[in-house]
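Colleague: Could you walk me through a few of the labels used for this structure? I would like to see how each one follows from its value.

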Amino acid sequence: MVECIFTVDYEIYGNGVGALRDLVHEPAERLRHIFRKWNARFVNFVEVAELERIDAFATDPAIDLVKRQIKEFHADGFEIGLHLHPQWCDSRYDNGRWFLNFSEYNLCNLPEKRIAWIVERSLAYLRHLVDQADFIPLSFRAGNWLFQPTEKAAIILAQNGIKIDSSVFKGGLQHNYHLDYRRALGNGYYWSFKGDVNEADPGGAWIELPIYTEMVPFWRMATAKRLSFNNGNGTSGRSASQKFNRALDLMRFRYPLKLDFCRMTLTELVSMMEKIIRDDQRQPDIYKPIVAIGHTKDLADTKTIDDFLSFLDAQHISVVTFESVYSKLAHERPMAEVVG
């Protein structure tokens with residue numbers, strides 16, 4: 001059985017560049033229109049650290065539109081997840097630009113008290129955004145997918161009621177940040193974990209639903225659509241060692257291609273899903289929740305998303321959220337199972 005979970009990272013660029021109206025509010029409105037057309041909902045991973053600072057410094061007049069939109073999404077059945085780029089937490093705004101604390105780029109590397117303070121502060125602001133004092137998001141996604149080393153942050157997030165992570169992309173490797181999700185390639189479509197997000201552990205309280213990836217030849221990444229995107233950071237601010245490490249990330253014959261509904265063409269999306277459907281025909285008893293990713297700042301082509309949702313509908317593949325399938329996931333709790 002195959003079901004698809006669409007997740008959206010709701011954010012501006014990671015270095016503070018960009019306007020909320022252009023990169024967050026208007027793209028999210030277009031996505032809302034498309035998904036409601038198909039009577040579907042997505043998981044909205046709200047990057048609360050940046051929104052709180054933008055709100056506090058009153059740097060963008062669209063912040064009120066964004067706050068209202070998040071509340072409307074929550075009321076309309078779109079799942080609200082917690083997304084964190086901790087470099088924003090001690091940021092300051094001066095002379096028209098943001099100064100972010102990149103020493104705190106990876107939440108997992110911070111002291112326990114600092115992690116707890118960031119998580120609790122972020123959840124308090126998220127409750128303010130949805131206007132619900134007892135709101136607890138079910139799901140979490142780490143900034144830049146950095147959920148390693150896992151244990152400290154996982155314990156603190158779990159203590160605050162979060163049960164699902166969707167930071168892993170199988171085969172992922174980032175030398176600059178010591179991220180290595182290659183060992184997760186041996187796991188199934190989802191798994192329980194405790195101290196290491198790569199390690200399936202049936203006794204773990206957490207459930208990992210990774211962003212779906214397919215290992216492809218590196219040249220498959222160089223499509224015109226994908227190369228057209230600006231990451232908001234570029235390479236100009238990187239040191240020589242950071243540039244070298246990034247080159248090492250890319251110097252692999254096989255590279256993880258994420259199921260990204262903003263960056264992929266319809267042909268790519270359908271091709272990847274058809275392989276999953278064929279696997280389901282071979283293994284119909286294994287539940288296959290497929291997590292797709294997109295970013296509001298990357299939304300340039302709504303027709304592709306509309307057409308992809310039409311394809312899923314024709315294939316009788318349901319579009320679900322983490323909240324709607326959590327009881328099923330928690331009941332089955334699979335161990336590692338290799339996905340071909």
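Modeller: Gladly. Contact here means heavy atoms within 4.5 Å. Please keep in mind that this is a predicted model. By that cut-off, Leu51, Ile54 and Asp55 of helix H2 meet Ile63, Val66, Lys67 and Ile70 of helix H3. Five of the residues in this contact are nonpolar, two are charged and none is polar.

Colleague: Why are H2 and H3 called oblique to each other?

Modeller: Helix H2 (residues 48-57) and helix H3 (residues 63-75) pack at an angle of about 135 degrees, with 10 Å between their axes. Roughly perpendicular covers 65 to 115 degrees, and roughly antiparallel begins over 145. The angle of about 135 degrees falls in neither class, and H2 and H3 are therefore oblique. Their crossing is left-handed.

Colleague: What makes the aromatic pair of Phe57 and Trp98 edge-to-face?

Modeller: There are 21 aromatic pairs in the structure. In the pair of Phe57 and Trp98, the ring centres are 5.5 Å apart and the planes make 80 degrees. Centres within 6.5 Å count as a pair, and planes over 60 degrees apart count as edge-to-face, so both tests are met. Phe57 lies in helix H2 and Trp98 in strand S5 (residues 97-99), so this pair ties together parts 41 residues apart in sequence.

Colleague: How do you know whether Phe57 and Trp98 are buried, partly exposed or exposed?

Modeller: Buried means under 20% relative accessible area, and exposed means over 50%. Phe57, at 34%, counts as partly exposed. Trp98, at 8%, counts as buried. Trp98 also forms an edge-to-face pair with Trp88, at 5.0 Å centre to centre and 65 degrees between the planes. Trp88 lies in the loop between strand S3 (79-84) and strand S4 (92-94), so its pair with Trp98 links parts that are ten residues apart in sequence. Trp88 is buried as well.

Colleague: What makes Ala58 and His178 worth pointing out?

Modeller: Most residues other than glycine have a negative phi. Ala58 has a positive phi of about 50 degrees although it is not a glycine, and His178 has one of about 60 degrees. Ala58 sits in the loop between H2 and H3, while His178 is in the loop between strand S8 (173-174) and strand S9 (179-180).

Colleague: Why are Ala58 and His178 called exposed?

Modeller: The cut-off for exposed is over 50%. Ala58 has a relative accessible area of 63%, so Ala58 is exposed. His178, at 68%, is exposed too.

Definitions and conventions:
Residues are numbered from 1 along each chain as its sequence is written. This is a predicted model: local features need pLDDT of at least 70, side-chain atom pairs count only at pLDDT 80 or more; totals for chains, interfaces and linings use all residues. Side-chain values use heavy atoms; hydrogens and water are left out. Axes are lines fitted to C-alpha atoms, for helices over the stretch in contact, and angles run from 0 to 180 degrees between N-to-C directions. Helices (H or I, at least four residues) and strands (E, at least two) are DSSP runs, numbered from the N terminus. Angles under 35 degrees count as roughly parallel, over 145 as roughly antiparallel, 65 to 115 as roughly perpendicular and the rest as oblique. A crossing is left-handed if the near helix is turned anticlockwise from the far one by less than a right angle, and right-handed if clockwise. Ala, Val, Leu, Ile, Met, Phe, Trp, Tyr, Cys and Pro count as nonpolar, Asp, Glu, Lys and Arg as charged, and the others, Gly among them, as polar. Rings of Phe, Tyr and Trp (its six-membered ring) pair if their centres lie within 6.5 Å; planes under 30 degrees apart count as stacked, over 60 as edge-to-face and the rest as tilted. Buried means under 20% relative accessible area, exposed over 50%, partly exposed in between (1.4 Å probe, protein chains only).
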